[in-house]
Amino acid sequence: MNRLLTHLRHVDLAVPDFEKQLDFYSGVWGLTETASDNGLSFLAAEGSPEQYVVRLRRAEEKRLDLVSYGAANPADVDTLAEQLLAQGVQLITRPGSVDTPGGGYGFRFFDCDGRTVEVSADVAARQHRRVEEKESIPVRLSHVVLNSPDLDRTRLWYEQHLGFRLSDTLSSPHMGEVMHFLRISNQHHSMALAKGPHTSLHHVSFELRGLDEYMYGTGRVLRAGVRKIWGPGRHLAGDNTFSYFLDPHGNTVEYTTELESLDEDTWHPHVYDFSQPEVTDQWGTANPMSEIVAKESFNDVDRGVFVAPPV
């Protein structure tokens with residue numbers, strides 16, 4: 001199908017301890033609060049034209065509110081909405097004006113796991129700036145990884161309905177396929193799907209300016225006493241660096257840089273055996289991947305996920 005999505009815009013999280021979460025993202029993690037409204041906070045990355053890359057919402061239960069993607073123009077938003085309706089996808093809203101910072105034109109719908117997805121166009125660009133050398137704050141949102149109990153069903157859904165393409169897969173002899181990396185541009189992945197025991201957020205990744213800034217940022221977060229899960233290291237799939245931490249509500253967040261750009265005309269997906277140490281970490285600097293490390297990113301069951309009534 002034609003690719004109508006252009007890029008990842010933002011990830012929206014709901015949390016019970018709003019102040020603690022806001023303090024983390026606007027403090028040690030290095031985002032900038034650009035707007036707030038009665039239990040809502042909109043947080044931007046200094047190098048990104050997106051109005052915000054994370055939205056926090058005060059709520060009784062932790063959940064992933066939505067994942068938002070951009071489209072090139074309102075006509076593409078309308079086309080996608082019509083296609084999804086024709087394919088039997090349940091829309092939450094019809095295309096119309098968006099009332100979050102920057103405005104725009106968009107709509108929301110459920111994916112096959114019951115997550116809310118938003119697609120929008122004509123959102124006003126935020127006045128951003130060049131992140132300077134040795135400035136160890138996020139430049140932009142890099143990618144989001146979602147846990148799914150049925151990995152292949154979810155991958156197929158995103159390919160068929162939203163035009164994602166497979167870049168690479170992680171597998172092992174005793175566990176089978178455990179992660180699919182999906183793209184909507186020449187960026188190796190803007191989304192990945194991880195095999196998990198339940199539907200939940202696996203991690204949100206933020207891009208730093210370069211290797212130096214990535215390491216300075218990793219060190220700053222470590223010195224602040226934030227719990228590190230895994231890293232620093234460098235993956236084989238995507239060729240990007242990684243340092244994974246837990247936010248105050250147990251969501252995994254990542255600092256990364258140098259994610260691979262592909263030649264889409266010639267690229268063929270690989271299946272990498274992640275039981276080989278050089279696949280998970282080319283450098284050999286990270287703590288070894290283990291079941292304990294993997295379980296950290298299973299996250300809590302997302303009770304906010306919509307469950308469709310039986311047909």
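This is a short tour of a predicted model, going from its sheet to its cores and its cavity.

**Stop 1: the open sheet.** Switch to cartoon view and pick out the eight strands that make up an open sheet. Reading across, the order is β2-β3-β4-β1-β5-β8-β7-β6, with mixed pairing. Which strands sit at the edges? Select 32-36 for β2 and 96-97 for β6; each of these pairs on one side only.

Stay with β2 for a moment. Its partner is β3, residues 40-44, and the two run antiparallel, joined by four bridges. To see one of those pairings up close, show Glu33 together with Leu43, its bridge partner in β3.

**Stop 2: the largest nonpolar core.** Leu43 is also a handy stepping stone, since Tyr25 is in contact with it. Select Tyr25 and look past its sequence neighbours within four places: you'll find Leu13, Gly30, Leu31, Leu43, Leu56, Phe206, Asp247 and Val253 in contact. Now widen the view to the largest nonpolar core, which has 54 residues. Which members touch the most others? Put Tyr25, Trp29, Tyr69, Phe109 and Phe206 on screen as sticks, because those are the ones. Such a grouping fits a general habit: in soluble globular proteins, nonpolar side chains tend to be buried together.

There is a second, separate core too, with 11 residues; Val178, Ala192, Ala237 and Phe274 are among them.

**Stop 3: around β12.** Ala192 takes you to strand β12, so select 191-195. Is this strand mostly covered or mostly open? Mostly covered: four of its five residues are buried.

Next, add the strands that pair with β12. Strand β9, residues 140-148, runs parallel to β12, with five bridges between them; Val145 has Ala192 as its bridge partner there. Strand β11, residues 176-183, pairs with β12 in the antiparallel sense over four bridges. For a residue pair to zoom in on, try Met179, which stands opposite Ala194 of β12.

**Stop 4: the cavity.** Last, turn on a cavity display. How many cavities of 30 Å³ or more turn up? The count comes to one, and the volume of the largest cavity is about 60 Å³. Thirteen residues line it, and Arg9, His10, Tyr52, Pro101 and Val123 are the closest to its centre. Colour the lining of this largest cavity by class and you should get four nonpolar, six polar and three charged residues. Finish by selecting β1 (5-15) and β8 (116-121), since each supplies at least two residues of that lining.

Notes: Residues numbered from 1 in each chain as written. Predicted model: local features only at pLDDT ≥ 70, side-chain atom pairs only at ≥ 80, totals over all residues. Heavy atoms only, no water. Core = buried A, V, L, I, M, F, W, Y, C linked by side-chain atoms within 4.5 Å. Buried < 20%, exposed > 50% of the residue type's maximum accessible area, 1.4 Å probe, protein only. Contact = heavy atoms within 4.5 Å. 1 Å grid on protein atoms, 1.4 Å probe; cavity = no way out; pocket = protein on both sides within 12 Å on 5 of 7 lines; lining within 4 Å. Points joined across faces, edges and corners; volume = space filled by probe spheres on them. Nonpolar A, V, L, I, M, F, W, Y, C, P; charged D, E, K, R; others polar. Pairing = 2+ DSSP bridges.
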